[in-house]
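Here is a set of short exercises to work through with the model open beside you. Try each task before you read its solution.

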Amino acid sequence: MDPNKLKRHHIMRSLILAGITALLAYLILSEALSHYLAPRLHMFSYVTLAILALLTMVSLRQIFVGSSVYGCDCEEQHKVPRTPMGSFLVYGLFVLPIVMGFFMPDKILGSDVAEKRGITLLSNDVRKLADVTANVNATENVKQTAGVKEDAEPSIKTQPEATNQVAIPPVQATDDEQLRQRFSNVGFGDFYTDIAVFLHKQPVIELNDKMFLDGLTTMELYAKEFAGKELETFGFVYRQPDFTKQQFVVARFSVTCCTADSSVYGVLVEKEDADKWKKDSWVKVRGKLELRQVEGYDMLVLKASQVEAVSAPKDPYVYYSFESAPES
């Protein structure tokens, strides 16, 4: 091939590599990367940026050094496009996403995506965990009852029913030991016990970005204990066609790796003038949690006393922290 034509291909490839590198650098510096990737994957983006920068420099070197043959035994397998139309099609596939990345505005996920994927108000995983735990506790109770019957003497009077069948009286949130005992008796593990104690001790429970998913899951597990508590959280407004005018969901998208695997979680809110808040608008909501029964499961509904408009955060998504609750 004519060296001048080959040089033009090296220039085009260098520009494409430089464009991809610049686009990734822009997403990182503008903090827009969170719109596409979960924070735990950002480190891979930094490594990718370094590799792309290195490849760009190697490609730029080819412009000045040039080469008429390839340094491998692939012969014609790596040949450049031979026609203008071929060059347009091949390089256009790389140029188009670069142009779109720079000139199309970033858009966060909202109600349209939530409607297609469905929204989780009571997690199926929580339901399964509750069922499994109930079965395990029932089995242990049967074993314990059988052991008592075997060891008991005939002359001993009949003992009262097991204490786990007696309703536990309300516990003041100031008594840490009794409060922890109440939550740990349910059997969901120390992780959720720590979070439950931490949240229950707050005069007003704040479901912020860090605690949104873990806190929501904890309140689903211990729905009866959190009924009547004050809650404050924020998110975008989501409505389903079957909602009444007094209902909407304050929702957040959860991202595990990238937005392609996102899920929607939220709290059902009820307020008389709820219909005045537009879909996908961001609001802060405060009110009292009320216990409802849905398909045999306990569900918490937020009876809002205050709703106010807020701006969407820089990172609109929430993530599981997998960390114990902070010390109060």
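**Exercise 1. Two helices that cross**

At what angle do the axes of helix H6 and helix H7 cross, and within what distance do they come?

*Solution.* Keep in mind throughout that this is a predicted model.

Step 1. Find the two elements: helix H6 covers residues 176–184, and helix H7 covers residues 190–200.

Step 2. Read the geometry. The axes cross at roughly 130 degrees and come within 9 Å.

Step 3. Put a word to the angle. Angles over 145 degrees count as roughly antiparallel, and 65 to 115 as roughly perpendicular. The angle here therefore makes H6 oblique to H7.

Step 4. Add the handedness: H6 passes H7 in a right-handed crossing.

Step 5. List who meets whom. From H6 come Leu179, Arg180, Phe183 and Ser184, and they meet Thr193, Asp194, Ala196, Val197 and His200 of H7. Sorted by character, the residues of this contact are four nonpolar, three polar and two charged.

**Exercise 2. How covered is H7?**

Find out how many residues of H7 are buried, and what covers them.

*Solution.*

Step 1. Count the buried residues. Eight of the eleven residues of H7 are buried, so this helix is mostly covered.

Step 2. Name them: Tyr192, Thr193, Ile195, Ala196, Val197, Phe198, Leu199 and His200.

Step 3. Look for the cover. It includes H6, strand E2 (204–207), helix H8 (212–221) and helix H9 (223–226).

Step 4. Set this beside the whole protein, where buried residues make up 35% of the 328 residues.

**Exercise 3. Another helix pair**

Describe how helix H1 packs with helix H2.

*Solution.*

Step 1. Recall what to look for. Two packed helices are described by the angle between their axes and the distance between the axes.

Step 2. Apply this to H1 (residues 3–29) and H2 (residues 42–65). Their angle is about 160 degrees, and their axes are 9 Å apart.

Step 3. Interpret the angle: H1 and H2 are therefore roughly antiparallel to each other. H1 passes H2 in a left-handed crossing.

Step 4. Inspect the contact. On the H1 side, the residues include Ile11, Leu17, Leu24 and Ile28; on the H2 side, they include Leu49, Leu52, Leu60 and Ile63. The full contact divides into 14 nonpolar, eight polar and two charged residues.

**Exercise 4. A group of rings**

Which aromatic residues are linked by ring pairs into a cluster?

*Solution.*

Step 1. Start with the search of the whole structure, which finds six aromatic pairs.

Step 2. Take the pair of Phe236 and Phe253. Their ring centres are 5.6 Å apart, with 15 degrees between the planes, and the pair is stacked. Phe236 lies in strand E3 (residues 230–238) and Phe253 in strand E4, so the pair ties together parts that are 17 residues apart in sequence.

Step 3. Check the surroundings. Phe236 is buried at 2% relative accessible area, and Phe253 is buried too, at 1%.

Step 4. Move on to Phe253 and Tyr317. Here the centres are 6.5 Å apart and the planes stand at 80 degrees, so this pair is edge-to-face. It links distant parts of the chain: Phe253 is in strand E4, while Tyr317 is in the segment after strand E7 (297–309), 64 residues apart. Both Phe253 and Tyr317 are buried.

Step 5. Put the cluster together: Phe234, Phe236, Phe253, Trp282 and Tyr317.

**Exercise 5. Two single residues**

Is Ser254 buried or exposed, and which residues does Pro97 touch beyond its sequence neighbours?

*Solution.*

Step 1. Place Ser254: it lies in strand E4 (residues 247–254).

Step 2. Use the cut-off. Buried means under 20% relative accessible area. Ser254 has 6%, so it is buried.

Step 3. Find its contacts. Leaving aside neighbours within four places in sequence, Ser254 is in contact with Leu213, Asp261, Ser262, Ser263, Tyr265 and Val318.

Step 4. Turn to Pro97, in helix H3 (residues 84–103). With 42% relative accessibility, Pro97 counts as partly exposed.

Step 5. Answer the second part. Not counting residues up to four places away in sequence, Pro97 touches Leu23 and Gly92. Pro97 and Leu23 are 74 residues apart in sequence, and their C-alpha atoms are 9.7 Å apart in space.

Methods. Residues numbered from 1 in each chain as written. Predicted model: local features only at pLDDT ≥ 70, side-chain atom pairs only at ≥ 80, totals over all residues. Heavy atoms only, no water. Axes fitted to C-alpha atoms, helices over the stretch in contact; angles between N-to-C directions. Helix = DSSP H or I, 4+ residues; strand = E, 2+ residues; numbered from the N terminus. Parallel < 35°, antiparallel > 145°, perpendicular 65-115°, else oblique. Left-handed = near helix turned anticlockwise from the far one by under 90°. Contact = heavy atoms within 4.5 Å. Nonpolar A, V, L, I, M, F, W, Y, C, P; charged D, E, K, R; others polar. Buried < 20%, exposed > 50% of the residue type's maximum accessible area, 1.4 Å probe, protein only. Phe/Tyr/Trp six-rings, centres within 6.5 Å; stacked < 30°, edge-to-face > 60°.
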